[in-house]
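Q: I am new to reading protein models. Could you walk me through this one, feature by feature?

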Amino acid sequence: MAEYIESSSLHGVATAPVSRRERKKGRTRADIYNAAMNLFLRRGFDSVTIEDICDSADVARATFFLHFPAKEALLIEYGERANDELAAAIGQYRGSATAAMRMALKMLAERAVRHPDVVRLVMREVLARPRLFTEHDERTADLINLLAGVIRRGQKSGEFRRRTEPTVAALTACAAFFALIYTWVRHDGKIDIEAAVAETLDIILNGLNEKKSKRGQSPALIRRTSS
């Protein structure tokens, strides 16, 4: 199994310059996170202690708690990092709102494909822990807010109909995305998740009405790859 590595991700990504101290904090947080994920993937979440993580990341126990309140918080970090990256990408994107929606879900799908073992681990452990599931919902709310902002921009530009509530539309997109990710995990990654996400978004944007379809055809939603 290849080593899992993610670069530092400073929360609340902004365009303003980041201080050396903040960059160092981001690197330390990333070191702890990467060390933990590699241990979880090799040994299982329950078999890894905070001391194991600190030894692997070469940090003191007190340093660990400066960044994470508990071992379980590391499972939520994947979603926080994904949201940070997406917020930065949306903030810099200058295309249409429709294109921004496609870019956002494509970006999330590609991230899952890059880190399938971590996604499976996080989903399995979060679903088994009700308290963590609540925290996962909070990260999902952040994602909904990001997409709702894109939808509001599309309503102002005339791309999207204005009578639709942006939060409900964003919730629909997120629910469909996470349902696909769950199916992808359940089938051990043997699904073309990027194609499925693209088609799902096409349905959300254009509906099931044939006259509104921009593609003129509807390929199978789920394409299984060869085992």
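Q: Let me start with one residue: does E85 count as buried, partly exposed or exposed, and what is its relative accessibility?

A: Happy to help! First, the general idea: buried means under 20% relative accessible area, exposed means over 50%, and partly exposed is in between, with a 1.4 Å probe and protein chains only. In this structure E85 has 28% relative accessibility, so it counts as partly exposed. Before we go on, please note that this is a predicted model, where local features need pLDDT of at least 70, side-chain atom pairs count only at pLDDT 80 or more, and totals for chains, interfaces and linings use all residues. Residues are numbered from 1 along each chain as its sequence is written, and side-chain values use heavy atoms, with hydrogens and water left out.

Q: Which elements make up the protein chain?

A: Helices (H or I, at least four residues) and strands (E, at least two) are DSSP runs, numbered from the N terminus. Here the protein chain has nine helices and zero strands. Of its 227 residues, 41% count as buried.

Q: What does E85 pair with in a salt bridge?

A: The general idea is that side chains of opposite charge can pair when their charged atoms come close. The rule for a salt bridge is a side-chain nitrogen of Lys or Arg within 4 Å of a carboxyl oxygen of Asp or Glu. E85 meets R111 in this way, at 3.1 Å from N to O. E85 is in helix α4 and R111 in helix α5 (residues 97–114), so this pair ties together parts that are 26 residues apart in sequence. R111 is buried, with a relative accessible area of 3%.

Q: How many salt bridges are there by this rule?

A: The count comes to 16 salt bridges. Another of them joins the side chains of R29 and E80, at 3.9 Å from N to O. R29 belongs to helix α1 and E80 to helix α4 (residues 73–92), so the two tie together parts that are 51 residues apart in sequence. R29 counts as buried, at 14% relative accessibility.

Q: Which residue forms a salt bridge with R129?

A: That is E125, and the closest N and O atoms are 2.3 Å apart. R129 is buried, with a relative accessible area of 18%, and E125 counts as buried too, at 10% relative accessibility. Elsewhere, salt bridges that share partners join R29, E77, E80, R81, R139 and D142 into one network.

Q: What does V122 touch, beyond residues up to four places away in sequence?

A: Contact means heavy atoms within 4.5 Å. By that test V122 touches M37, L75 and Y78. V122 sits in helix α6 (residues 116–127) and counts as buried, at 10% relative accessibility. The C-alpha atoms of V122 and H136 are 10.0 Å apart, although 14 residues separate the two along the chain.

Q: What share of the contacts with a separation of 6 or more comes from residues 24 or more positions apart?

A: In the protein chain, such residues account for 67% of those contacts.

Q: And the outside: how much area does the protein chain expose?

A: Accessible areas come from the Shrake-Rupley method with a 1.4 Å probe, and for residues only the protein chains shown count as cover. The protein chain exposes about 12600 Å², of which carbon and sulfur atoms supply 53%. As for single residues, R23 lies in helix α1 (residues 20–43) and is partly exposed, with a relative accessible area of 39%.
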